[in-house]
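Here are my notes on the structure, set out as numbered points for you to read alongside the sequence and the coordinates. I have kept to helix packing, the ligand surroundings and some backbone details.

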Amino acid sequence: MTSDKSVAVIGSGYVGTVLAACLADLGQSVIGVEIDPEKLELLNKGVAPFYEEGLETRLKSAIDSGRLFFTDDYHLAMDKTHVVFLCVDTPPGTNGHPNMSSVAAAAESIGAAMHEKHVIVTKSTVPVGSGNWLEATIESALPDGVDPDVICVVSNPEFLREGSAVEDFLHPDRIVVGGDNSDAVEKVSSVYEQVLAQSFDTGDPSRKPILVKTDRATAETIKYAANAFLATKISFINEIANICESLDADVEEVAHAIGLDSRIGPRFLNAGVGWGGSCFGKDTAALASMAREHGIEPLILDAVRRGNTNQRHAIVRKLQHHLRPLRGRRVTILGLAFKPGTDDTRDTPALTIIRSLEEKGAIIRASDPMVSELPGAEDVKVFADGIDAIRGADAVVLLTEWPEFLALDFAEVADLMRGRVIIDGRNALDPEAAIGAGLVYEGIGRYTPHR
Ligand code: NAD
């Protein structure tokens, strides 16, 4: 007999694989549905198709326990489960809208395989109001004779961060479940019983997650508002950093002091090269586009997005200032992943910066411990060890604060380089140590004598 606790997870990317592996590891029966045959083969062997700390161990143990397997067979998944999490990709589309083709295809496959009542849960980040469209899309694919009442769509946005996705999933700040049918909302909330219990186990009362039950449109909006606020906080401190640079003030001390105000808080106040990754760019674009469609000018969102693009170009301007001219100069980029702890390079600042430097004639080498090739800049030679990439460089630019880069010995770096310039795009290096080794250090809005 099908257990009420069996769930299907459609799409095995960063969100779906973490969800499937963690729920199964906590004792639930889970069927993952994935259409990419290569990923499917890896997943069923317990191999994660991307790097995320703690994921592969959970994936392996869940598969070995028999509580998790992956398939491309929607009929099998729908027959054995009653709650279906939709975790497929929603990449940037046109005019700020996300591309919903994977969601549409998955919805049609779900509908075609549906015979009895299911709760379909959108974890993919979808424009507000998509729940209605999704119900209609599933309905249009239902087999003849199946009552459309079998469909119930609930929104349960995901807030995990790549680089700490397993930890974030197991110990969330909040779980948001939005729907207009209270039974369905309860059913989805109950899937999280073990996650909530596991979070209580930490013994830290400040880590107690809050379950937010709301309507569907509000849940969909919460996801966009959360990402927009985080992106705003980063663009804000970057603007303050740029102001600090012209006023000879130090943004690190400014951020520390303003962050001590409990109304502001210390997190997401790290000045640097700005945000990247698969979510902030597309989600702020989507929210701005939804606002415009309803006659609201998204002044803050537009500024946040423009500020982030400018921040990437600021790195290029700093290099131009120090290396003038850039043509023929050797620049080493440390870090291609959009942040440490992941091998994800979607919308990574490194790509914008590398392309701009190459246009200006610079010769680029790069290093990243998890990325061996940067899509869009395949010509760039990538070294696993930072030291190999630094040899002969006129300038070194830190773009991802991987621990191995922060541990570099500046005396060795200075010996290997042809030039002297270190640009710290994450304000993560020790300026005094760099300057002490005879290097010219420049961070983002950090006061240093060389600036
Ligand atoms: P992803 O691209 O890593 O994974 C999507 C997966 O879905 C892929 O493996 C793809 O092959 C599969 N897929 C596509 N169409 C399918 C279909 N019809 N049937 C079955 N599988 C299919 O995407 P992701 O980063 O996991 O993001 C998924 C969603 O979650 C997006 O909407 C994203 O905005 C949102 N989100 C992502 C993150 C994040 O940090 N990555 C965080 C929160 C929310």
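1. In this predicted model, helix α10 passes helix α11 in a right-handed crossing. The two helices, α10 covering residues 216-247 and α11 covering residues 251-259, pack at an angle of about 135°, and their axes lie 9 Å apart. Because oblique is the class for angles that are neither under 35 nor over 145 degrees, nor in the range 65 to 115, α10 counts as oblique to α11.

2. On the α10 side, the contact with α11 is made by Phe-236, Ile-237, Ile-240, Ala-241 and Cys-244, and on the α11 side by Val-251, Val-254, Ala-255 and Ile-258. Sorted by class, this contact of α10 with α11 consists of 9 nonpolar residues, with no polar and no charged ones.

3. The loop between α10 and α11 contains Asp-248, and the backbone deserves a look at this residue. Although Asp-248 is not a glycine, its phi is positive, at about 55°.

4. Next, helix α1 (residues 14-25) packs with helix α3 (residues 55-64) at an angle of about 55°, with 8 Å between their axes, which makes α1 oblique to α3. In this pair the crossing, as α1 passes α3, is left-handed. The contact draws on Thr-17, Val-18, Ala-21, Cys-22, Ala-24 and Asp-25 of α1, together with Leu-55, Arg-58, Leu-59, Ser-61 and Ala-62 of α3. By class, the contact of α1 with α3 has 7 nonpolar, 2 polar and 2 charged residues.

5. A further packed pair is formed by helix α5 (residues 101-112) and helix α6 (residues 130-141), which meet at an angle of about 45° with their axes 7 Å apart, and α5 is therefore oblique to α6. Their crossing is right-handed. From α5 the contact takes in Val-103, Ala-104, Ala-107, Glu-108, Ile-110, Gly-111 and Ala-112, while α6 contributes Trp-133, Leu-134, Thr-137, Ile-138 and Ala-141. The residues of the contact between α5 and α6 fall into 9 nonpolar, 2 polar and 1 charged.

6. Turning to the ligand, which residues are the closest to it? The ligand is surrounded by 27 residues, and the closest of these are Glu-34, Lys-39, Tyr-74, Thr-90 and Lys-282.

7. Some polar atoms of the protein can also be placed relative to oxygen atoms of the ligand. For Tyr-14, a backbone N or O atom lies 3.0 Å from a ligand oxygen atom, and for Thr-125, a polar backbone atom is 2.9 Å from an oxygen atom of the ligand. In the case of Arg-346, by contrast with these backbone atoms, an N or O atom of the side chain is 2.9 Å from an oxygen atom of the ligand.

8. Finally, where does Pro-325 lie? Pro-325 is in the loop that runs between helix α13 (299-323) and strand β9 (330-334). The peptide bond that leads from Arg-324 to Pro-325 is cis, and its omega is near -10°.

Notes:
Residues are numbered from 1 along each chain as its sequence is written. This is a predicted model: local features need pLDDT of at least 70, side-chain atom pairs count only at pLDDT 80 or more; totals for chains, interfaces and linings use all residues. Side-chain values use heavy atoms; hydrogens and water are left out. Axes are lines fitted to C-alpha atoms, for helices over the stretch in contact, and angles run from 0 to 180 degrees between N-to-C directions. Helices (H or I, at least four residues) and strands (E, at least two) are DSSP runs, numbered from the N terminus. A crossing is left-handed if the near helix is turned anticlockwise from the far one by less than a right angle, and right-handed if clockwise. Contact means heavy atoms within 4.5 Å. Ala, Val, Leu, Ile, Met, Phe, Trp, Tyr, Cys and Pro count as nonpolar, Asp, Glu, Lys and Arg as charged, and the others, Gly among them, as polar. A residue is near a molecule or strand if one of its heavy atoms lies within 4 Å of it. A polar contact is a pair of N or O atoms within 3.5 Å; within protein, one must be able to donate a hydrogen and the other to accept it, and residues adjacent in sequence count only if both atoms are side-chain atoms.
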